[in-house]
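Open the structure in your viewer and keep the selection tool ready. We will go stop by stop, picking a few residues at a time.

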There are 2 protein chains.
Amino acid sequence: MNSRAIVKPKRTVRVELADRSYDILIGPGLIASAANEIASRLKGRRMAVITDENVGARYLAPLMDSLAASGIDAVSLVLPAGEKTKSFEHLIPVCETILGARIERNDAVIALGGGVIGDLTGFAAGIARRGSRFIQIPTSLLAQVDSSVGGKTGINSPHGKNLIGVFHQPDLVLADTDVLDTLSPREFRAGYAEVAKYGLIDKPDFFDWLEANWRAVFAGGDARIEAIATSCQAKADVVAADERENGRRALLNLGHTFGHALEAATQYDGSRLVHGEGVAIGMVLAHRFSARMNLASPDDAARVEAHLKDVGLPTRMGDIPGALPPVGTLMDAIAQDKKVKGGQLTFILTRGIGRSFVADDVPASEVIRFLEEMHPR
Amino acid sequence: MNSRAIVKPKRTVRVELADRSYDILIGPGLIASAANEIASRLKGRRMAVITDENVGARYLAPLMDSLAASGIDAVSLVLPAGEKTKSFEHLIPVCETILGARIERNDAVIALGGGVIGDLTGFAAGIARRGSRFIQIPTSLLAQVDSSVGGKTGINSPHGKNLIGVFHQPDLVLADTDVLDTLSPREFRAGYAEVAKYGLIDKPDFFDWLEANWRAVFAGGDARIEAIATSCQAKADVVAADERENGRRALLNLGHTFGHALEAATQYDGSRLVHGEGVAIGMVLAHRFSARMNLASPDDAARVEAHLKDVGLPTRMGDIPGALPPVGTLMDAIAQDKKVKGGQLTFILTRGIGRSFVADDVPASEVIRFLEEMHPR
């Protein structure tokens, strides 16, 4: 991929889902020109914009201005930032805002924010009038390359993360790459874990390219746009092949079963661990566990760990600040994870870099022994 | 239809929806034999049963006994009876009960109750783990012939009825006709309004048959089972043709736009008006309005009113006890109803008995003038 020609500043990735197909637009300046892109695709003239305090402070005014200038009558709701917002408590006012705005069939709900706002707003759009049109304007790298694409929406439950939600595809995704310049390095790195994931799932060339070019991706410009577009295309391909996660889509959970358990173990406290960091540690664990099960070479696990460490991501449970609960508690979280079938544990394992697969018969005893070894205590 | 042979005591209606097709079983004794029917269709051995205080007092124990005897591990949740239970307040504990029971992909959530329990539980099943298997055991006539079939689920909002929900088809519907013997006459009549609706939509022969046989339907036995099976088949046909209500399914809303507005106008106070009664008045209004628009003969409206009055249903706004709000308030409720597109009012109108159609360009001014005339003041 090193020889690929310089990309144009703006890229479009199409998610092919028959009559629910949609475009992901990637490039600078898309928030300011959002209304043009929306108005050229939707006939409706009413919108409800949902955002959080942090993102809203920077980008809500320009977006509302853009909508008003195009004759779109928009209302907005600003929610607290953070994972705790993915709850029934905040879902209710989002639904009432949408219904109060009398969003009709050609109007739309707009999520302006990161994964939390996108998941929450998408869920509300999916259930308001049994499904309203929905536009994602993701403002974190993680949301741009992962959560804004593919239609998984939802909130958290006391029983676990993302356990309540619907599949509801957006009608349009606007990934404004300018906003990434304002992310903290930690937040950018966390999103990068999901970028690397696409290489590890089934694109070894992309992982090679990332190893060689990650500094350029972090610096911004064309390499970053290229990495985002490649990631979105990878996700779009998987979603088009298996929208409802009956098979191949489960590969996108590489690193996520361990990662979700670690997020639960740290009470979703973002000061200790954010989602992408959990995924980074989870991907290393998945590669190590695969090596331990004699499925892959330990060298691949070492290579994955070295790259994620290079970019500054945590790669071991011991990298998480503070004490972790015992292995039994982690196993409970793993068993409550969505990817359970008839009591058997389902994991995404790998035969090497870019050779991941769904294993739905992983013995719990092996996972427990492995976690006992990895646990920092 | 008068010449139809005596029906067998148990009938099966199939809802054809490709890989989501399912059976509606109709007949006596189905609650006591529920576990057999479930176990022969689903591999899972964990169930969560949701019911209300009234239905639960009679039927929860026999159902739980039946499940336990078949080796099914079931938990139950009993909610307050009444329309107010269709709210976020009660949705949350239903979701948590389902998640706490660790319902997996082959297990199921069971709704044991009328339309309120079915709509609420179906919604929770539709969003728990982004979709869990779901069994309807409808215990009212209305639920057996209408709400338990077709996958519309949801709760009410302060903005209107059923405005928040999902399409989520059941895996099985068990309509135990024994339970109908314990309904109050008023509740049975309310369900009967939906039975008559199928005749009025597109089955004039069925409406003729009901005019001749309604006393036998009310008395129970084969005529009642025949009426339920014909109604379920009518609904199944419409749902199979248009699951997501992009077209023909809207016909099922005959009488519902006016009916919902009247329910809202009476604050969903079941002592004044229950859903089926609102539909009865709404169907008469739809036929009268169609006559007023010179679409149908006033004789048809008179015939519909005469039949519904014969069975003891209210047919005019003035039949509702207590004062109604002014026409402006009713119009607001109509405009907030789901069947709105680009500000135009959508109504189900008719060219005569069994000749209903979707009119999506009804001028609000005509509806206001009509309501002014009909309003009892």
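Select M47(B) and A74(B). The two are bridge partners, with A74(B) sitting in β4(B). Keep in mind that this is a predicted model.

Now widen the selection to strand β3, residues 46-52 of chain B. How many bridges join β3(B) to β4(B)? Seven, and the two strands run parallel. Pick out a second facing pair: I50(B) stands opposite L77(B), and L77(B) belongs to β4(B).

Next, colour the sheet. It is open and has seven strands. Trace the order across chain B: β1-β2-β9-β6-β5-β3-β4. The pairing is mixed. In general, strands of a sheet pair through backbone hydrogen bonds, either parallel or antiparallel.

Which strands form the edges? Select 11-15 for β1 and 73-79 for β4, both in chain B. Each of these pairs on one side only. Turn the view to look along the sheet. Neighbouring strands are turned by 15° against each other on average, with direction ignored.

Add helix α2 of chain B, residues 53-69. This helix packs on the sheet. What does α2(B) touch there? The contacts are β3, β4, β5 (108-113) and β6 (134-138) of chain B. The direction of α2(B) makes about 160° with that of β3(B). Follow the chain through β3(B), α2(B) and β4(B): together they make a right-handed β-α-β unit.

Then select residues 115-127, which are helix α4 of chain B. Helix α4(B) lies across β3, β4, β5 and β6 of chain B. Against β5(B), α4(B) runs at about 165°.

Two loop stops remain. Most residues other than glycine have a negative phi. Both stops depart from that habit, as their phi values show.

Go to A18(B). Find the loop between β1 and β2 (22-27) of chain B; A18(B) lies in it. The phi of A18(B) is positive, about 50°, although the residue is not a glycine. Is A18(B) buried or exposed? A18(B) counts as exposed because its relative accessibility is 68%, above the 50% cut-off.

Finish at Y268(B). Look in the loop between α9 (256-265) and α10 (275-292) of chain B. Y268(B) is another residue other than glycine with a positive phi, here near 50°. With a relative accessible area of 24%, Y268(B) is partly exposed.

Conventions: Residues numbered from 1 in each chain as written. Chains lettered and ligands numbered in written order. Predicted model: local features only at pLDDT ≥ 70, side-chain atom pairs only at ≥ 80, totals over all residues. Heavy atoms only, no water. Pairing = 2+ DSSP bridges. Helix = DSSP H or I, 4+ residues; strand = E, 2+ residues; numbered from the N terminus. Axes fitted to C-alpha atoms, helices over the stretch in contact; angles between N-to-C directions. Contact = heavy atoms within 4.5 Å. Right-handed = clockwise from strand over helix to strand, strands pointing away. Buried < 20%, exposed > 50% of the residue type's maximum accessible area, 1.4 Å probe, protein only.
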